[in-house]
Amino acid sequence: MKIKLGVLALFFMLFSYGQNQTITASLYETYDTYKEAALDKRRIKHSELQPLINRYRENPDFEVTKVGESIEGRDLSLISIGKGTTDVFLWSQMHGDEPTATQAMFDIFNFLASDDFKNEKNTILDSLRLHFLPMLNPDGAEVFQRRNRLGIDVNRDALRLQSPEGKTLKRVRDSLEAAFGFNLHDQSTYYNAERTEKPATISYLAPAYNYEKEINKVRANAMKVIVFMNNIIQKYAPGQVGRYNDDFEPRAFGDNIQKWGTSAILIESGGYPDDVEKQEIRKLNYVSILSAIYTIAEESYKDIPLTDYEKIPENDRKLFDLKIERATYELLGESYMLDLGINRLEVDKADHNDFWYSSRILDQGDLSTYYGYETFNASGYTIRPGKVYPQVVPSQSELENLAMDSLLQSGYTYVRLENIPNEQLESNYPVHLIGKKYKVPEFNLEIGINPTFLLEKNGKIEYAVINGFLVNVEKPFNANLKNAMIYR
Ligand SMILES: [Zn+2]
């Protein structure tokens, strides 16, 4: 009898899992219908969200409640929908520069407000009440920074509750006593799934609630839903999932919310190749969070074996934007073989609506245990310093008259300009623009410098690295690099 029941349970599990797979595939395929077009880049502001939130004030299916204010007085709104008795609470962007899940939330609202997927939506909204708190740290988002206006990390304020943002989160959690809490973040794009070159596009954690890392029913339920979401992401981004270390952090919200009795699920959106604005990752958030909500409504997650949680690879941080392997470097008359790890760091423009790149060499030496979004095998290439173009060019617009490819082929990586306007911080040319009096520092390959040099093979320059971008000097250059550094 026991065996028969087991077989039955297995059959049921496969059946319900299959159903979930179907809804997931449909959500993925129809995503563009629901994508909130007003939010298409990472630097989004509180003021851009308000007209979108106001739409739902007028929709009788939704309830919009002001639940608090940020330090600078920006409203924190809770958007609720559903008639069920199980509460699910989702909050995003407690770190101001982590907007991916905020965008996905507005996609989810569009989906919930539509007339499509009626059966699935009835399943969700009859058994659950969903509560969304998008952009918990709007003051940080305003200047695209992690911390709030007080300069503290809201995610280390769960005990002391000094920030109004943290207080609001605690108060809403306590008033709802939600069954599930989704703590939605972005992580560095340099995380990878351990011992692979795959970026950790999504990372998960069911935070511990004590130093012993015990697993009670609250935490076990979070783990099961994570396994469910991992299975979905694996389909669309194979191998690109990581699991966070579950060391207990007594000051963090996730850990405390788990302790307070809400199954806490941390989702971190990381990197995805050629997706600087993280729009593909946003889509994966949308698909996996909605599917998770569906499995919570159906309670089908309960059949998922807990042991699968430990099988998700751990997060590691071994990715560079550009990895150059086995280049030859000449120093004081000797030749050495080096790998270089290069990252393209973003520098915000004054209004925090856009950015330009200022790249750095992060590491050099044997980097064979590291990976790159872009990897270049420089065997047979020698690193050479770039030169300053001998003529002074009147202004940036006249750069168009210079043939960039032949400039680089001749080894020129710096061009002097007669006039550099004060407000000018970037150009799209693959050379550095320098002022009339600027002195280029002597080239010495070391950690922390802006990676700018040539790669020469058999006496011929074939590639240039300019501000961390690899350029084939024989090909037309990409004119949208947010690239060249300007030194006055
Ligand atoms: Zn975060």
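Biologist: Which strands does helix α7 lie across, and at what angle does α7 run to β3?
Modeller: This is a predicted model. Helix α7 spans residues 164–176. The helix lies across β1, β2 (75–81), β3 and β4. Its angle to β3 is about 170 degrees.

Biologist: What is the strand order in the open sheet of eight strands?
Modeller: The pairing in this open sheet is mixed. The twist averages 20 degrees from one strand to the next. The order is β1-β2-β4-β3-β5-β9-β7-β8.

Biologist: Which strands stand at the edges of the sheet?
Modeller: An edge strand here has a single partner strand, so one of its sides is left without a neighbour in the sheet. The two strands in this position are β1 (62–69) and β8 (241–243).

Biologist: In what sense do β3 and β4 pair, and which residue of β4 stands opposite V88?
Modeller: Strand β4 covers residues 128–133. β3 and β4 pair over six bridges, in the parallel sense. Opposite V88 stands L130.

Biologist: Is S70 buried or exposed?
Modeller: S70 lies in the loop between β1 and β2. It touches L76, P138, D139, P164 and E165, leaving aside residues up to four places away in sequence. Its relative accessibility is 3%. The cut-off for buried is under 20%, so S70 counts as buried.

Biologist: Which side chain makes a polar contact with the side chain of S203?
Modeller: S203 lies in strand β7 (residues 202–205). S203 is buried, with a relative accessible area of 0%. Among the residues it touches, beyond four places away in sequence, are Q187, Y244, E268 and N315. The polar contact, at 2.6 Å, is with N315.

Biologist: Which residues are the protein donors of the zinc ion?
Modeller: The donors follow the spacing H-x2-E-x86-H along the chain. They lie 2.0 to 2.6 Å from the ion. The histidines donate through ND1, and the glutamate is listed with OE twice. The residues are H95, E98 and H185.

Biologist: What arrangement do the four donor atoms around the zinc ion make?
Modeller: The donor atoms subtend angles of 54 to 152 degrees. Tetrahedral would need all angles between 85 and 135 degrees. The angles found therefore make the arrangement irregular.

Biologist: How many residues apart in sequence are the parts that E98 and H185 tie together?
Modeller: Both E98 and H185 are buried. E98 lies in the loop between β3 (86–92) and α4 (100–113). H185 lies in strand β5 (residues 180–186). The pair therefore ties together parts whose separation in sequence is 87 residues.

Notes: Residues are numbered from 1 along each chain as its sequence is written. This is a predicted model: local features need pLDDT of at least 70, side-chain atom pairs count only at pLDDT 80 or more; totals for chains, interfaces and linings use all residues. Side-chain values use heavy atoms; hydrogens and water are left out. Donors are N, O and S atoms within 2.8 Å of the metal (3.2 Å for Na, K and Ca); water is not among the atoms, so sites may look incomplete. Four donors count as tetrahedral if all angles lie between 85 and 135 degrees; four count as square planar and six as octahedral if opposite donors are over 155 degrees apart and all others between 65 and 115; anything else is irregular. Helices (H or I, at least four residues) and strands (E, at least two) are DSSP runs, numbered from the N terminus. Buried means under 20% relative accessible area, exposed over 50%, partly exposed in between (1.4 Å probe, protein chains only). A polar contact is a pair of N or O atoms within 3.5 Å; within protein, one must be able to donate a hydrogen and the other to accept it, and residues adjacent in sequence count only if both atoms are side-chain atoms. Contact means heavy atoms within 4.5 Å. Two strands pair if DSSP finds at least two bridges between them. Axes are lines fitted to C-alpha atoms, for helices over the stretch in contact, and angles run from 0 to 180 degrees between N-to-C directions.
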